[in-house]
Amino acid sequence: MQRAHRLRRGTDFDRVRASRRSWAHPLLICYASPADGIGLPRIGIAVGRRVGNAVVRNQVKRRIREAVRTFYGKIQPGVDLVLIARPAASKAGYADLAGAVGSLIERAAAKPVGSKSPTDGPAQS
RNA sequence: GCGGGAGGAAGGGCGACCGCUUCGAUCCGUCGGAGAGGAAAGUCCAGACAGCGCAGAGCAGGGUGCCCGGCGCAAGCCGGGGCCGGGAAACCGGUGGUUAGAGCCACAGAGACCAAUGCCUCGAUUCACCUCGUUUUGGAUCGGGGAGUGAAAAGGGUAAUCCCCCCCGCUGCAACCCGAAGCAUGGCUGAUGACGCUGCUCGCCGAGGCCAGGGUACGGGGCAUCCGCCAAUUUGGCGGACAGUUCGCUUCGCGGGCUGAGACAGAUGGUUGCCGAGAAACAGAAUCUGGCUUACUCUCCUCCCGCCUAU
RNA sequence: GCCCCCGUCGUCUAGUGGCCCAGGACGCAGCCCUUUCAAGGCUGAGAUCGCCGGUUCGAAUCCGGCCGGGGGUA
C-alpha cells in the first residue's frame with residue numbers, strides 16, 4: 001500500500017467524511033466519496049484514542065492496512081475511502097478485521113462486475 | 001532446601017514467500033544497505049538549540065538542602081558516616097537552620113510561650129470570730145511538695161508556615177528561518193507613548209496593537225551524532241571528536257573492529273518453518289541529550305540475612 | 001509532539017491546617033397542606049473529599065508519586 005494509494009491531506013479526510021456516505025460494521029466504519037480526478041483509489045485509515053494505547057492503535061492500523069492490500073484490486077478507481085476503527089477492533093484478530101474490511105469494500109466501493117448496474121457505487125452520491 | 005533482601009544481565013535466534021519507510025546504485029526491468037525501547041512512557045527536572053529588546057534593575061514567583069570525599073556545565077549520581085522511623089535481621093524510607101526575626105499550636109487545661117496566676121496538700125507567721133480551733137474554722141503572706149489537662153508544660157513543637165543562607169530572564173521545534181499561493185474589509189485604540197521581557201513597579205525602545213469577519217493551512221530547512229579537509233553535478237572519500245557495542249592487553253586506563261532509525265495521516269506488518277520447556281509481560285522514536293519517577297516478563301548470575309537438615 | 005488546568009453527596013458547587021467523620025442548592029425518600037397534582041412547609045437518607053505514601057499532635061487543605069478527565073498550541 002504505497003503512498004499514492006493513501007489519503008494524504010486532512011482536507012481529503014474532511015471531504016470524504018462530509019459526503020455522509022457511510023457503511024457500518026461492528027469493528028469498522030467506512031466512508032466513501034468520489035475523488036476529484038479519475039485515478040487510483042485512495043484509502044485513509046483513522047484509529048482514535050478510544051481504541052487503545054499507541055501499540056494497540058499501531059497494531060490495528062497495520063492489520064487494516066494489510067487487509068486493504070489484499071482487497072485493493074476489487075476497489076473501483078477514482079474513489080476515496082476512509083476506514084475508522086471502532087473500540088472493538090482492539091480485541092479482534094487479523095482474520096476478523098480482514099473479513100470486516102472485505103465486506104465493507106464489497107458494499108461500498110466494489111468494481112462493477114459483468115452487466116450489473118453500477119448504481120451501488122458511491123460515485124453517484 | 002525454604003523464605004526474605006540488595007545488585008546486575010537478558011527483553012528471543014536462524015530462515016522462506018508477499019508487503020512498508022528511507023538511502024544509494026541502475027541497462028528504469030530491478031538490486032543492495034539500514035529500519036523502535038529499557039523504559040521509546042509519564043512529561044517531573046536539567047542542558048543543548050532557537051526566538052524575544054541591551055536580554056537592564058527591584059519586588060513577586062520558582063528551585064536546591066544533614067556531614068565528608070569524588071564525578072558532572074547543571075539537574076543529579078557514587079562511596080563512607082550521623083540522626084529519626086519501619087523490620088527479628090539482611091535491608092528499606094526520610095534528612096539544613098526555631099540562641100536573626102515573625103506567625104500558629106483547635107478541644108482540653110490554672111497556664112500554649114520574653115511569663116503570670118489559679119487548684120490540692122504540708123509547714124511557719126499573722127488576722128478574723130455568738131462556735132477561739134496548732135489531733136479541728138476561714139482569710140492573707142512566705143516556703144516545700146503534688147495532681148490533673150494535653151501531642152507537647154519554668155520549658156517546647158511547627159521551617160513539606162513565612163523566613164535565613166545559595167541558585168534561576170521568558171517562551172518553546174506547532175520554537176524559529178527561507179520560499180510560494182490566497183483574501184475583504186469593518187470597529188476600537190495609539191507620539192498625552194500603545195504593543196513589548198513574562199505577574200507588578202521602574203528604566204529602555206519607538207509604531208503599530210486588539211476584536212469581528214475573510215483567506216491559506218503548501219514546498220524546503222531546523223532534522224538525524226558533530227566538526228574539518230579533499231574532489232565535485234548529486235552522491236562520495238579521508239581524518240578527528242562523541243556515544244553505543246564487542247574484543248584484546250602491560251587493566252582506575254589504552255588500543256583495535258563494528259554501528260550511528262528517522263517520517264509529516266506519520267515506516268517493522270501478514271502467512272509460515274526450525275531451534276526450544278516456552279516466546280509469554282510492560283509497551284511504539286517525532287528537535288536532541290543527560291537524569292528522575294512509574295509499568296513489567298520466562299529466566300540467569302553474584303552477594304547478604306533468617307530458619308531447617310547434613311557434615 | 002509541546003505547554004497548561006481540573007478531580008468534594010446522583011448533579012452543580014462551598015470549604016485553603018483543628019470550630020468540618022465536610023456546608024449549601026437542585027434532585028431523592030417520608031410527613032404536613034390540598035378532593036388530587038404542582039407549588040410551599042417540616043424531617044431524613046445520601047461523601048473511604050480520585051488513589052497511594054509522607055510532613056504534622058492533627059490533612060479535603062501542605063509535599064511527592066500515580067490514575068482519570070478537559071483545554072491551548074501553524
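Which residues are the closest to RNA strand B? In this predicted model, the answer is Arg3, Arg6, Leu7, Asn58 and Arg62, out of 18 residues that surround the strand. Sorted by type, that surface splits into eight charged, six nonpolar and four polar residues. Helix 2 gives the largest share of the surface, seven residues.

A few polar contacts help to fill in the picture. Arg6 puts a polar side-chain atom 2.5 Å from a phosphate oxygen of RNA strand B. Arg62 and Asn58, on the other hand, pair up with bases: a side-chain N or O atom of Arg62 sits 2.9 Å from a base oxygen, and one of Asn58 sits 3.4 Å from a base nitrogen. Helix 1 (10-18) and helix 2 are the elements that give two or more residues to this surface. Looked at from the RNA side, 65% of the strand B atoms within 4 Å of the protein belong to sugar or phosphate, with bases making up the rest.

Then there is the protein interior. The largest nonpolar core has 30 residues, and the members touching the most others are Leu28, Ile43, Ile64, Leu81, Ala85 and Val101. At least two core residues come from each of strand 2 (28-34), strand 3 (42-47), helix 2 (54-71), strand 4 (79-85) and helix 3 (94-109). Helix 3 chips in with eight, the largest share. Leaving aside residues up to four places away in sequence, Val101 touches Leu28, Ile64, Ala67, Val68 and Phe71. A second core, separate from this one, has five residues, among them Leu7, Val16, Val82 and Ile84. Leu7 also turns up among the residues closest to RNA strand B.

Methods:
Residues are numbered from 1 along each chain as its sequence is written. Chains are lettered from A and ligands numbered from 1 in the order in which they are written. This is a predicted model: local features need pLDDT of at least 70, side-chain atom pairs count only at pLDDT 80 or more; totals for chains, interfaces and linings use all residues. Side-chain values use heavy atoms; hydrogens and water are left out. A nonpolar core is a set of buried Ala, Val, Leu, Ile, Met, Phe, Trp, Tyr and Cys residues joined through side-chain atoms within 4.5 Å. Buried means under 20% relative accessible area, exposed over 50%, partly exposed in between (1.4 Å probe, protein chains only). Helices (H or I, at least four residues) and strands (E, at least two) are DSSP runs, numbered from the N terminus. Contact means heavy atoms within 4.5 Å. A residue is near a molecule or strand if one of its heavy atoms lies within 4 Å of it. A polar contact is a pair of N or O atoms within 3.5 Å; within protein, one must be able to donate a hydrogen and the other to accept it, and residues adjacent in sequence count only if both atoms are side-chain atoms. Ala, Val, Leu, Ile, Met, Phe, Trp, Tyr, Cys and Pro count as nonpolar, Asp, Glu, Lys and Arg as charged, and the others, Gly among them, as polar.
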